[in-house]
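Morning, everyone. Let me put the model up, and then I'll go through confidence, one helix and one serine.

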Amino acid sequence: MPSWPRLATRVTELRAMGRLLPHAARALRPSAPWNASRLLAERARQDPGGTGLLYLDRRISWGELDRAVDRAARALQEAGIGPGDVVALLMDNRPEFLLAVTALSRLRAVAALVNTNATGRA
């Protein structure tokens, strides 16, 4: 049973942003005062060196995630993306996917996710 505490720690870490939800109380949406971007920024402020994302052999801290989202948001903003815009996102499941969605949230824009696995009639 030595693996249980480690697993519990990882599950707890994955839920770290969710712990802030009681403060939000309302649904997360781009125009809301509490969106995914703000939750990430708050977590990065509280624990910048803590593990924010584990992907294959990569460990990305909350602070690194927040800075990467800032860079992506600036690039999107320079491309003309702003509040209320809808941006189609076609990308494999990888950390950059989460960064792109959260960067759009930071700009109060919306990601329209394109699913290439959908076939046949809608």
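Start with pLDDT: that is the predictor's confidence in each residue, from 0 to 100. Helices here are DSSP runs of H or I, at least four residues, numbered from the N terminus. This is a predicted model, so local features need pLDDT of at least 70, side-chain atom pairs count only at pLDDT 80 or more, and totals for chains, interfaces and linings use all residues. Residues are numbered from 1 along each chain as its sequence is written, and side-chain values use heavy atoms, with hydrogens and water left out.

Confidence first. The average pLDDT is 76, and 71% of the residues score at least 70. Among the elements, helix H4 (residues 62-78) has the highest mean, 95. Helix H1 (residues 3-14) has the lowest, 40. Residues 1-17 are below 50, and that stretch has 13 contacts beyond near neighbours in sequence. Contact means heavy atoms within 4.5 Å. Where pLDDT is low, don't read the predicted coordinates in detail.

Now helix H3, residues 36-46. Its buried residues (under 20% relative accessible area, 1.4 Å probe, protein chains only) are Ser 37, Leu 39, Leu 40, Arg 43 and Ala 44. Down the axis of H3 they fall within an arc of 160°, so they line one face. The arc is taken from the directions from the helix axis to the C-beta atoms.

What does Ser 105 touch, beyond four places in sequence? Asn 35, Ala 36 and Ser 37. Ser 105 sits in helix H5 (residues 95-106). Ser 105 is buried, at 10% relative accessible area. A polar atom of its side chain lies 3.4 Å from the backbone nitrogen of Ser 37.

Terms used
Buried means under 20% relative accessible area, exposed over 50%, partly exposed in between (1.4 Å probe, protein chains only). Helices (H or I, at least four residues) and strands (E, at least two) are DSSP runs, numbered from the N terminus. A polar contact is a pair of N or O atoms within 3.5 Å; within protein, one must be able to donate a hydrogen and the other to accept it, and residues adjacent in sequence count only if both atoms are side-chain atoms.
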